[in-house]
Amino acid sequence: MHTAKPGYDKLIFELSCPGRHAHSLPECDVPVSDPAQLLPKEHLRAAPAELPEVSEVDVVRHYSRLSQMNYGVDTHFYPLGSCTMKYNPKINEDMARLAGFARLHPLTPEAAAQGALRLMDELSRDLAEVSGMDHVSLQPAAGAQGELAGVLMIRAYHLARGERRTKVLIPDSAHGTNPASTALAGYSVVELKSEQNGDVDLLDLERHLSDDVAAFMITQPNTLGLFESKIHQITEMCHAKGVQVYMDGANFNAILGITRPGDLGFDVCHFNLHKTFTTPHGGGGPGAGPVGIKEHLAPFLPTPVVVKDGDEYAFDWNRPQSIGKLQAFWGNFGMLVRAWTYIRTMGPDGLRAVSDNAVLNANYMLKRLEGDYDRSAPGPCMHECVVSARRQKKLGVTATDIAKRLLDLGFYAPTTYFPLIVEEALMIEPTETESKETLDEFCDAMIQIAREARDNPQLIHDAPVTTPVRRLDQTGAARQPRLKWTPPATT
Amino acid sequence: MRYISNTPAQQREMLARIGVGSIEDLLARIPAKARLSRPLNVPAAMAESDLVRHLRALSALNANVDDYACFLGAGSYDHSVPSPINHLISRGEFFTAYTPYQPEASQGTLRSIFEYQSMMAELTGMDVANASLYDGASSVAEAALMAHAVTERNAIVLSKGVNPLYRQVVETYCEGPGIRLKSAPIGDGATDLDALRKAVGSQTAAVVIQHPNFFGCLEDVKAAAEIAHAQGALLVVVADPVNLGLLTPPGALGADLVVGEGQGLGVPMSFGGPNLGVFAAKQELVRRMPGRLVGATVDLDGQRGFVLTLQTREQHIRREKATSNICTNVALCALMATIYVSIMGKVGIRKVGELSTAKAHYAAEAFTKIPGVRLRFTAPFFKEFTLELPKSPERVAKRLMKEKILAGVPLKAFDRAQKDCLLVAVTEKRTRSDIDAYAAALTAAVA
Amino acid sequence: MANVPADLRYTKEHEWTKLEGDKARVGITAFAQEQLGDVVFVELPKVGAKITAMKAFGVIESVKAVSDLFAPVSGEVVEINAELPKKPEVVNADPYGNGWMIVIKLGNAKEWEGLMTAGDYEKLIADAGH
């Protein structure tokens with residue numbers, strides 16, 4: 001049973017009223033204002049674009065109402081595993097909006113952009129220190145682009161040594177961007193079977209390592225939230241065959257100040273600034289995906305590279321072996337300002353407290369949940385835990401059902417069905433910014449749902465009922481895609 | 001530490017519940033030799049007021065466009081950013097949410113993306129637009145990869161009128177799949193159509209032109225479409241959506257894909273990022289499109305709702321056979337653009353184009369009155385033009401900086417054939433007195 | 001209780017095929033459509049396309065997965081089911097009847113002999129824990 005809600009269900013196009021406007025543009029102050037006198041007629045639109053005509057009040061009310069239909073970290077606990085939904089500090093937002101950062105054109109002469117270049121240089125040094133790498137490129141727009149950059153640099157490295165290797169090894173527990181980025185770089189992906197707890201199967205690795213393998217790509221800790229303890233052995237095995245080792249840095253929140261990829265033998269790693277370094281998730285981006293490398297890959301860095309000469313900063317474009325560019329300009333600078341601000345806010349002790357508390361919070365939840373949900377692996381986890389709703393599945397309640405019920409109980413759901421190697425996976429990442437009270441509330445809710453699965457499963461199958469919409473027809477959406485607004489047919 | 005709520009007492013309670021003595025016990029899997037044995041060597045934590053002071057000082061070292069009259073373009077533009085945008089996108093429910101994996105709790109994001117897709121389709125004149133890609137340059141690269149996949153052909157012909165920085169990104173993306181890039185030169189400022197016809201062949205997957213192009217000149221999109229289609233290739237048009245309020249949309253002229261940089265739609269320039277990659281296609285190509293798509297559907301009660309759809313093409317399901325490796329879109333920037341288009345509306349977005357081109361033509365006329373200063377190209381231009389100067393463009397630009405004018409982009413680094421040239425952009429924000437001041441300063445600088 | 005018609009042959013990739021003179025009609029099995037869930041899209045080759053045994057001839061998409069469709073035998077595509085792009089749900093409703101996908105003119109009659117029988121296919125899907 002559910003209550004009918006008078007929901008807000010308008011699109012901006014549906015608020016349109018001919019003659020209304022929200023813009024404020026100056027009158028033309030130059031003599032010739034009619035474009036028909038300036039440009040050949042064929043270049044000008046015959047009719048204006050069919051776009052909304054609304055007042056500023058309409059705009060503000062509409063988007064404010066839309067925002068109220070979202071759960072965000074500012075309003076809800078958001079334990080999306082692998083996404084690190086930690087608190088987004090407001091000082092970061094203020095600093096990114098300073099005029100000399102936000103209203104700075106990318107092609108401003110370098111002498112007049114020294115503040116920006118200096119910030120970039122300092123951030124790349126901070127990230128290099130945090131990761132134990134020798135150089136960091138801030139150019140990639142997001143993690144997936146960071147991966148592409150990393151794999152392309154590995155490719156360039158092998159080619160420069162006269163070797164044309166064709167394969168990259170990736171565990172079956174990996175995030176989908178790993179094989180996708182690798183394929184984009186022109187490699188064949190060879191999937192390795194992980195052990196049940198997500199550990200690398202050393203025998204399988206040994207079998208596959210050869211001088212036709214360019215790289216081995218893993219996430220550390222792995223996607224089950226466990227630290228791969230054989231890592232030194234793995235990187236040594238790979239290096240013995242000339243294979244480069246890549247670390248997907250999505251789980252950096254677990255290891256800040258505790259261990260560093262560079263010290264573990266990794267040659268490349270990428271960072272997700274929108275995860276560990278608090279740049280806001282934005283409803284799905286923008287992210288920022290800097291990539292860190294060891295010295296031997298330096299010649300291949302994307303251009304340009306920020307260099308420091310005394311007190312002066314500049315872009316170095318003279319990089320003949322560079323893999324090229326990933327974005328038109330220099331990186332998602334607005335996000336870089338936020339990450340720089342975060343690192344200076346935290347300092348060395350603060351960054352260490354991040355990983356300590358992230359690990360503590362995840363283990364506390366795992367302990368509270370293990371009575372009702374199957375662990376995916378024995379022993380402590382790191383910053384996230386993966387449980388399986390296997391027991392609930394036997395009662396007809398799936399991970400999806402549990403996720404939907406959580407929405408009704410006031411929580412955003414964990415990640416579901418990832419990693420692929422765990423049945424009915426629920427990947428829970430609390431992050432360090434959540435309090436014990438919140439964790440207890442969430443665990444209480446999960447335990448309640450486990451009980452409901454036994455006593456009153458229909459409640460779970462009907463969920464969610466308190467959200468603006470109930471469960472949606474995904475099949476219909478995919479069979480007959482309606483991807484844009486069309487005006488209703490006039491009868 | 002103000003971002004960590006748990007007190008030492010609470011930490012102890014939690015450890016007791018877990019059944020360990022300390023957090024160190026939870027880290028036991030990590031081998032001792034992997035452990036960092038010292039604190040991170042990053043600068044000490046700064047109190048908020050110290051941080052603000054420090055960053056203000058750093059910001060003050062940069063020539064921002066509040067203090068300088070900006071005539072820089074080349075893919076990033078100083079268009080007006082209406083005041084409501086920042087307030088609305090700063091609402092925590094928008095900017096602290098993530099990808100709409102649970103659509104029932106993400107209808108705000110999903111509806112605004114649906115509106116965004118609708119607006120981009122309308123501006124570009126295409127059937128469908130995705131939820132955004134990273135930036136204009138990588139959108140061109142993704143278009144090239146898509147054309148390669150759809151036509152199963154191995155070459156892309158790019159006009160020299162395409163932004164050279166975009167071309168570099170396309171080269172990087174085409175490296176892995178081994179796609180060959182060929183060029184077609186520009187003639188009078190627009191693509192030389194005869195040369196283009198010769199360059200396009202049976203192995204061409206796509207022809208890529210930019211309209212208006214990097215040098216500011218308007219292209220003959222229809223003719224380029226005919227040349228591409230005659231050989232079974234796709235036409236990819238790189239366009240700035242801000243201009244499409246006034247200019248005939250490429251979709252009406254035969255484009256198969258329209259891509260470009262949407263930063264001018266209310267996204268701060270921010271020294272080059274984050275940006276907004278626009279990607280729009282014809283209906284028959286929809287399942288081959290990279291990036292996220294939001295679709296309309298209904299819920300169990302028959303009520304309208306919105307979801308991410310056609311997701312099986314994407315990396316998290318299709319993995320190495322995905323249409324692209326992209327995961328995030330640039331949702332917050334797409335939201336800025338959606339609000340911008342709502343505010344500008346049908347009338348305003350056309351007016352932005354009218355003002356920009358009117359002022360650009362006024363500026364070009366004023367500047368070319370100066371002895372020795374000429375327009376490099378004869379093709380019609382829109383809001384940017386290429387000035388040929390009798391003195392070094394870098395030195396001229398440096399001189400004009402002293403007058404608080406960001407004069408334009410010296411082109412030597414982009415294209416040696418234009419080494420005496422300066423690329424000048426004029427948006428609706430430039431006043432007549434800004435332009436007259438520039439003309440005066442330029443007169444002195446080249447005398 | 002598996003739905004595996006005895007008069008058809010099968011591949012390990014869950015395609016079925018029916019011999020019709022010198023031609024073979026191809027679709028996906030009841031097991032396959034159940035695993036996929038609601039089918040949302042089917043991509044088929046053009047008539048006249050040459051296909052090779054055990055190489056992909058098309059793609060089938062559901063809401064949660066996408067799979068290649070593998071040719072059981074080599075030959076030339078002589079017919080495609082034009083109904084499917086418009087109504088992909090037919091694959092779920094009637095996988096062995098109206099859900100047929102393509103008809104191949106056999107290039108090599110011996111390949112038919114090498115295909116799995118209904119009995120072997122039943123064993124395959126039983127082992128998969130179905």
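Two strands are taken to pair if DSSP finds at least two bridges between them. Strands (E, at least two residues) and helices (H or I, at least four) are DSSP runs, numbered from the N terminus. The model is predicted, and local features need pLDDT of at least 70, side-chain atom pairs count only at pLDDT 80 or more, and totals for chains, interfaces and linings use all residues. Residues are numbered from 1 along each chain as its sequence is written, while chains are lettered from A and ligands numbered from 1 in the order in which they are written.

In chain A, strand β8 (residues 305-309) runs antiparallel to strand β9 (residues 312-316), and five bridges join them. A:V306 has A:F315 of β9(A) as its bridge partner. Two residues lie between the strands of this hairpin, where A:G310 adopts a positive phi near 70°.

Between chains, helix α10 (residues 333-369) of chain A packs against helix α1 (residues 8-18) of chain B at an angle of about 45°, and their axes are 9 Å apart. Axes are lines fitted to C-alpha atoms, for helices over the stretch in contact, and angles run from 0 to 180 degrees between N-to-C directions. Angles under 35 degrees count as roughly parallel, over 145 as roughly antiparallel, 65 to 115 as roughly perpendicular and the rest as oblique; α10(A) and α1(B) are therefore oblique to each other. A:L360, A:N363, A:Y364 and A:K367 in α10(A) meet B:Q11, B:M14, B:R17 and B:I18 in α1(B), contact requiring C-beta atoms, placed from the backbone, within 7 Å.

Five residues of chain C are likewise in contact with four residues of chain A.

Conventions:
Two residues are in contact if their C-beta atoms, placed from the backbone, lie within 7 Å.
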